[in-house]
Amino acid sequence: MQLQWIILGCCVALAEGYMLPRQGSLFEWLASIFLPPPPPLTTTTTTTTRRPTAPPTSGVDRECSSCRCGLVNTLHKIVGGQETRVHQYPWLAVVLIHEHFYCAGSLINDLYVLTAAHCVEGVPAELLSLRFLEHNRSHPNVDLLVERSVSKVRVHELYNPRTFDNDIALLRLSQPMDLQGPHLRPICLPRQGHSFDHEMAIVAGWGAQTEDGFATETLQEVDVLVIPQSECRNATAYTPGQITDNMLCAGLLPEGGKDACSGDSGGPLQATFDEMPGQYQLAGIVSWGVGCARPNTPGVYTRVGQYLRWLSANTPAACHCIPRPEEDY
């Protein structure tokens, strides 16, 4: 059974302390598989989520409204980082297995969330669910929280769990999201061929703030520098063969101190458009690393720009938002 293989692989990696994926606590995940789920969030007078009437999600075309991607809800501004403003990054999704936190993801249109393959490989869609507009996992705002079940998991066909190459997966939502409201919107996909070299980017998630710590309850963010591919291959603790063309490195060299960590897996590495401050594109997906924030050991991310054609081919029936107003096209 593939789930058993994942459990064994995680245990071996923990024993060796090497090349760890950055999903949530192994023990929290095991509990999510073998223990009953917690009771659903409820209130005495209202439902817990806003579930707008959704159009059908079959392969037929749907009427799509105009919308813009990548816009934050504030212009304010996990290791070495700070807490975000509430709902600052409205595309952030909590990925749950059997109702327990495990990874993060990013909404890229009204019907699909992008995450890391190592978060969901071998996990049946019926065990997965997603939460949006959740800042504090212990005390969610039930008036804003949006929940969706997952109808389909699409792991990249060339994903290698030994090397984390092609560490990318799509989760199709059971119902489309309403992107016309004031709070929820997707992140923009990156521009074709853009490397992000030497750019400051933000990694956001609910991961641990120290290497041996536990996942945080509130969404955190940290600024990291995108490192050119040749430098990551030849001037860091990694060997050239470990960093494939499908990966991107980000951190602070040589001192370290700022990084994604355990629990951040699947979440976004996001960078602004040069000409549009406050509007973000998805540079990378939190994938793996050796420890957290160690000197000369940056975090390694899936390079999303390598998969634009794959994403287009595997997101049927979705409505997409655009980076700029329609009149600019």
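Cys249 is buried, with a relative accessible area of 0%. In this predicted model, Cys249 has a bonding partner: its sulfur sits 1.9 Å from the sulfur of Cys232, and the two form a disulfide. Turn about that S-S bond and you get -70°, a left-handed link. The pair ties together distant parts of the chain, with Cys232 in helix H4 (residues 229–234) and Cys249 in strand S11 (residues 247–251), 17 residues apart. Cys232 counts as buried too, because its relative accessibility is 0%, and the cut-off for buried is under 20%.

So what is a disulfide, anyway? It's a covalent bond between the sulfur atoms of two cysteines.

How many disulfides does the structure hold? There are 6. Number the bonded cysteines in sequence order and the pairing reads 1-11, 2-12, 3-6, 4-5, 7-8, 9-10. Here are three of the links side by side:

| Pair | S to S distance | Torsion about S-S | Handedness |
|---|---|---|---|
| Cys69 and Cys188 | 2.0 Å | 100° | right-handed |
| Cys103 and Cys119 | 2.1 Å | about -85° | left-handed |
| Cys232 and Cys249 | 1.9 Å | -70° | left-handed |

Let's take the middle row. The disulfide of Cys103 and Cys119 is left-handed because the torsion about its S-S bond is about -85°. It also links distant parts of the chain: Cys103 belongs to strand S4 (residues 100–107) and Cys119 to helix H3 (residues 117–120), 16 residues apart. Cys103 has 0% relative accessibility, so it counts as buried, and Cys119, at 2%, counts as buried as well. As for the top row, both Cys69 and Cys188 are buried.

Now for two residues that aren't cysteines. Ala283 lies in strand S13 (residues 276–289), and it counts as buried because its relative accessibility is 1%. What does Ala283 touch, leaving aside its neighbours within four places in sequence? Its contacts include Phe196, Leu248, Leu269 and Thr302. The C-alpha atoms of Ala283 and Pro190 are 6.0 Å apart, although 93 residues separate the two along the chain.

Glu147 sits in strand S7 (residues 146–155). Is Glu147 buried or exposed? At 16% relative accessibility, it counts as buried. Its side chain makes a polar contact of 3.0 Å with the side chain of Arg131.

Zooming out, the protein has 5 helices and 14 strands. Of its 329 residues, 55% are buried. Its accessible surface comes to about 14200 Å², and carbon and sulfur atoms account for 54% of that.

Terms used:
Residues are numbered from 1 along each chain as its sequence is written. This is a predicted model: local features need pLDDT of at least 70, side-chain atom pairs count only at pLDDT 80 or more; totals for chains, interfaces and linings use all residues. Side-chain values use heavy atoms; hydrogens and water are left out. Helices (H or I, at least four residues) and strands (E, at least two) are DSSP runs, numbered from the N terminus. Buried means under 20% relative accessible area, exposed over 50%, partly exposed in between (1.4 Å probe, protein chains only). A polar contact is a pair of N or O atoms within 3.5 Å; within protein, one must be able to donate a hydrogen and the other to accept it, and residues adjacent in sequence count only if both atoms are side-chain atoms. Accessible areas come from the Shrake-Rupley method with a 1.4 Å probe; for residues, only the protein chains shown count as cover. Contact means heavy atoms within 4.5 Å. A disulfide is a pair of cysteine sulfur atoms within 2.5 Å.
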